[in-house]
Amino acid sequence: MVHTPVHASWLNQIEIFFSIVQRKVVSPNDFTDLDEVRNRLRAFEHRYNATAQPFQWRFTTTDLDDLLARLDRHTVDHHEESSAALAA
């Protein structure tokens, strides 16, 4: 069982893992065949499982409140700019 923060979904965690795989396994390499890709992914999986540690979540409810306030300001500013452009 994995506890995720209330502001994150399970899919976010999968996206983070696939991002790690892409950066550390797939992107920096050219593979000649699928067996090579499979072997590299399995080696990464074994190493990752042996050394993985829980992510240290630093996004607090205060951070969420700040983010939502910034988004609200951005939405209001964008709406006012659109209204001014239409009036001109």
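Here are some short exercises, each with a worked solution, on a predicted model of one protein chain.

**Exercise 1. Get your bearings: work out which pattern of elements the protein chain follows, and how much confidence the predictor has in it.**

Solution.
- Start by counting elements: the protein chain has three helices and zero strands.
- Reading along the sequence then gives α-α-α.
- Next, look at confidence. The chain's average pLDDT is 81, and 76% of the residues score at least 70.
- Finally, split that by element: H2 has the highest mean pLDDT, at 93, while helix H3 (residues 61-87) has the lowest, at 80.

**Exercise 2. Find out what share of the 88 residues is buried, and what the chain's surface is made of.**

Solution.
- Buried residues come to 9% of the 88 in the chain.
- For the surface, about 7900 Å² is exposed.
- Carbon and sulfur atoms supply 57% of that area.

**Exercise 3. Check the span of helix H2 against the expected one, then see what caps its N-terminal end.**

Solution.
- H2 covers residues 34-51, which is 18 residues.
- From first C-alpha to last it reaches 26 Å, close to the 26 Å you'd expect at 1.5 Å a residue.
- Now go to the N-terminal end of H2, where Asp 33 does the capping. One of its side-chain oxygens sits 3.2 Å from the backbone nitrogen of Asp 35.

**Exercise 4. Track down the salt bridge, and decide whether its two partners are buried or exposed.**

Solution.
- The structure holds one salt bridge, and its partners are Asp 35 and Arg 38.
- Check the distance: the closest N and O atoms are 2.4 Å apart, and the cut-off is 4 Å, so the pair qualifies.
- Place the partners: both lie in helix H2, three residues apart, or about one turn of the helix. As a rule, an α-helix has 3.6 residues a turn, so residues three or four places apart point the same way.
- Look at exposure. Asp 35 has a relative accessible area of 45% and Arg 38 one of 37%. Partly exposed means between 20% and 50%, so Asp 35 fits that class, and so does Arg 38.

**Exercise 5. Count the aromatic pairs, then sort out the geometry around Phe 17.**

Solution.
- The count is four aromatic pairs.
- Take Phe 17 with Phe 18: the centres are 6.2 Å apart and the planes make 55°, which counts as tilted.
- Now Phe 17 with Phe 44: here the centres are 6.4 Å apart and the planes stand at 45°, so this pair is tilted too.
- Where do these two residues sit in the chain? Phe 17 is in helix H1 (residues 10-26) and Phe 44 in helix H2, 27 residues apart, so the pair links distant parts of the chain.
- Compare the accessible areas: Phe 18 is exposed at 54%, Phe 17 is partly exposed at 30%, and Phe 44 is buried at 4%.
- Put the rings together: ring pairs join Phe 17, Phe 18, Phe 44 and Tyr 48 into a cluster.

**Exercise 6. Locate Val 21, decide whether it is buried or exposed, and get its C-alpha separation from Leu 41.**

Solution.
- Val 21 belongs to helix H1.
- Its relative accessible area is 10%. Buried means under 20%, so Val 21 is buried.
- Leu 41 is 20 residues away from Val 21 along the chain, and their C-alpha atoms are separated by 8.0 Å.

Definitions and conventions. Residues are numbered from 1 along each chain as its sequence is written. Side-chain values use heavy atoms; hydrogens and water are left out. Helices (H or I, at least four residues) and strands (E, at least two) are DSSP runs, numbered from the N terminus. The expected span of a helix is 1.5 Å times one less than its number of residues. A polar contact is a pair of N or O atoms within 3.5 Å; within protein, one must be able to donate a hydrogen and the other to accept it, and residues adjacent in sequence count only if both atoms are side-chain atoms. pLDDT is the predictor's confidence in each residue, from 0 to 100. Rings of Phe, Tyr and Trp (its six-membered ring) pair if their centres lie within 6.5 Å; planes under 30 degrees apart count as stacked, over 60 as edge-to-face and the rest as tilted. Buried means under 20% relative accessible area, exposed over 50%, partly exposed in between (1.4 Å probe, protein chains only). Accessible areas come from the Shrake-Rupley method with a 1.4 Å probe; for residues, only the protein chains shown count as cover. A salt bridge is a side-chain nitrogen of Lys or Arg within 4 Å of a carboxyl oxygen of Asp or Glu.
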